[in-house]
Amino acid sequence: MKKVVVIDDNPLMFHLIKGWLNPNYIDVQYLNSLDKIIPMLNGFKPDLIISDILIPGISSTELIALFKQIAYPKVLVSSMDIQDIEFFARQIDAINYFNKPINPKLLFQFLQDFFASNNK
Amino acid sequence: MKPLDIIVVEDEKIVATDICNCLTSAGHQVIYQTSSGEDCIRNIHLHQPELILMDINLSGALNGIQTAEAISELIPVPIVFLTAYSDSKTLNQIKRNGEYGFVIKPFQDLELLTEIDLTLNRFTKTYELLKDRDYSHRTLQETETFFRQIVNNVSDSIYRIDLHGNFTYVNPIAVSQTGYSEDNLLRMRYTNLVRNDYKQSVYFFFKNIFEDEINDSYLEFPIIAANGDEKWIGQKIHLIKLRNQITGFQVIARDITHEREFKEQLIIAKSNAEKTAEIKSRFLANMSHEIRTPLNGIVGVVNLLNQTNLSEKQKTYLNAITSSSNQLMGIINDVLDLAKIDADKLELDCTDFNIEDLFQSVVAVFEMKCIEKQINLEWFIESRIPKFLNGDPVRLNQIIYNLLGNAIKFTEKGGILLQVELLSSTSDDVSILIRISDTGIGMDEQALNMVFEAFTQAEDHMSRKFGGTGLGLTIVKKIVEIHGGEISVKSQPEQGTSFELVLPFKKCKEIHSLTNSNEPVFQEELECFRILLVEDNKVNQMVTKDNLEAFKVVVTIAENGKDALELLKDEIFDLILMDMQMPILDGYQTMRAIRNSEDLILKQIPIIALTANAIDAEIKKCFDCGADDYLSKPFKPNVLIEKIHTFFPISQALSLCLKSKSEPINQETFEFYLNGRASIYGFTLKELKNTFHSEWNAMKAEILKRNDSALKMIAHRIKPNLSILGLTEMADITDSIEKMENVVEINNALSFVMVNLPLINNQIEALYEKYEKSNTN
């Protein structure tokens, strides 16, 4: 079973991603803020983190600093311009980034490739 | 050996002479010599001997032993017996008492002298021991007398009771306090005295202090004296302990009947005084309302009259009315403020404000006056002071207005300098020094001491000359204190006066853009704006209506709340101006009815409460009943327009909701984003609808706060949700809001979003119903 964390202040994004993915193969958990991220990650040990960039209560600089400490693979999503998302993605060594709303087909394809290469 | 004064009692002359010689040659002195015991006893006090030599057989009726016994009753003195007998009976009689010595005749001189010495020694030891015992006995007696006198003469009852509640000791005051005799009391139980309804609680109190070993306690309760009088007793109770066991209680009880009566009277007097104060403050609040309402009318009509064609003379008259009305309004406000301060009801209403704008606007008020008086008015604000501070701008305005007004009033030549300096600054707080100095008439020391007291101007003739209630500085000082600041004044007669204020402010948490503060009023936007004015006062109706119509606003009038609710059923309005005190249905009830209405759009209509009773409790009540904002009557036309303008985007959005058609949801895009998962269709629709609803409310709140950064954040949040529904036009507009700098553009874009979100929700609702139906089929 693969484990994914979705971090977004908009719960709808989580519900959609969870809805797209087969619950028998992927366990999707949700965080709406970054307050409790470290203990959550320590307990859940995800294979992948999918996170928004603009999250209330934390500035983007703080977010970069926080994500740099996190070793799990990260994917960034935002409704910012794609160049801006790319900039953030590079800062934190994210393995991919998507524009919001996420195109389900693209995400699906990415996850398939990612988990396949991980299994090797 | 110490020489002694000795009495010799001897009936045989020769023997006596012998003895005398022996004693004298040893250095002693024979102070008296007699042959009879009776004679010796008679003279004993006269001679005060240090020792007596006593023969057994004497010439009188008493023998030596009897005489000795009689003497020892009178004074303590050692006695040496001289006896020719050595019979055991006599010897035993003498030996029984260790204080006596004896020699058997005939004796040697040395024998006698030695016995005298020994007896004296023995006697001295015994005597001192006796003296000691006697002394401690006397001391004990004295101490007892000392304490007994205290106990008998204190004004409190003192008594002891045992563990069964029986009296074991009572002092005389206890007797007079209770009216029972000591004998009676000592046969009574303590609880017999206690008034019936208190018996149980007194019993449990004693039980408690016994069980918990509370050494010091106090209790008040009523007792019934022997004559049936009721007395209140306050008593201190101490535990009596014997070898660590509690054996009873020691009580000191005071009659507190009168004290209690006074206390009760005081409580009644206090509550009466409080009631009176409350009536006073209510009266003042009502009066201020009653005076403000017609004054509002006068000011309003004068403003309207000013806009008509008038001759110069008429204009002068009108100006006189305006200035008198303003003066009157000032006095009412002062009196009301002071009443509020007295009643501790003055509360600060802290918000973020632009300090420079505030000073600018106060100074502007006085500029004309200074030009007229030909005096200078200069002001500086230190640039290190943050532009935006958090405090009560209305009260700060009032402080500066008062001080500046005073400075100008009392200055005939020279000028006034207003300086604002930064004293200290931490991450959260700023402390600011405001100095207002003038070159006016100044004050002497006596006047300086009274300057902050109510109703004082330096001298009576001053108030006749310069006018004013003399309340201004009192209020200023109180407000400064409530704000946590300090005010001080320095002055020299004919040299001028300088007021210095130190005021603390909080730093603003939010970042304000400077454009917010100087925003112009967009007249054209208000064209055809539909306002419902709910107001019963005819003059106020006319004034407000005319003022609004000057901006081409369409005004409909409702006489009271009931009429307003009728009108709202059929007509659409952008905003409601609601008076609070009206006949039939007042403003509060009307607002509640509107907020509880089933009509989703009517429910959200902006309402500005109009209140003449501008006290904090009143304003809170307005908000509690559903007002979005309030205006304190009388209000200036431009204040009203500005306030209405802040509601513009919301009002417009709401009214457009009724007639616009929104961009249709693109079913295909939505299904694409569902990625073929039919299972989440209904759930996602519901989530979208909830999100839009809560974001709409958040937007409304932030629009009223004019918080552009928060609005941009909301726009950012809803953009992807709009995209999921394929609402590209809406998504583009929300996207553009993030980048907009122009206030008008943002307002328009926000209006568009505010209009469309509810309409989109209607579409979502329709889709959801369809989905539900298809599911049940």
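**Two chains meeting, and one bent helix**

Helices α1(A) and α23(B) run roughly antiparallel to each other, because their angle is over 145 degrees. The model is predicted, so local features need pLDDT of at least 70 and side-chain atom pairs count only at pLDDT 80 or more, while totals for chains, interfaces and linings use all residues. Residues are numbered from 1 along each chain as its sequence is written, and chains are lettered from A and ligands numbered from 1 in the order written.

α1 of chain A covers residues 11-20 and packs on α23(B) at about 170°, with the axes 10 Å apart. Axes are lines fitted to C-alpha atoms over the stretch in contact, and angles run from 0 to 180 degrees between N-to-C directions. P11(A), L12(A), H15(A) and L16(A) face F683(B), T684(B), E687(B), L688(B) and T691(B) in this contact. Contact means C-beta atoms, placed from the backbone, within 7 Å.

Across the whole interface, 17 residues of chain B touch 13 of chain A. On the chain B side, α23 (681-705) and α24 (708-724) each give two or more residues. α24(B) has the largest share, seven residues.

Now turn to α11 of chain B, residues 355-373. Helices are DSSP runs of H or I, at least four residues, and strands are runs of E, at least two, numbered from the N terminus. α11(B) bends by about 35° at F366(B), the angle between axes fitted to the seven residues ending there and the seven starting there. F366(B) is also buried, as are I355(B), F359(B) and V362(B). Buried means 20 or more other C-beta atoms, placed from the backbone, within 10 Å of the residue's own. Among the elements covering these residues are β11 (351-354) and α12 (393-409) of chain B. Just after the helix, Q374(B) takes a positive phi of about 55°.

How values were computed. Contact = placed C-beta atoms within 7 Å. Parallel < 35°, antiparallel > 145°, perpendicular 65-115°, else oblique. Expected span 1.5 Å × (residues − 1). Buried ≥ 20, exposed ≤ 12 C-beta atoms within 10 Å, placed from the backbone.
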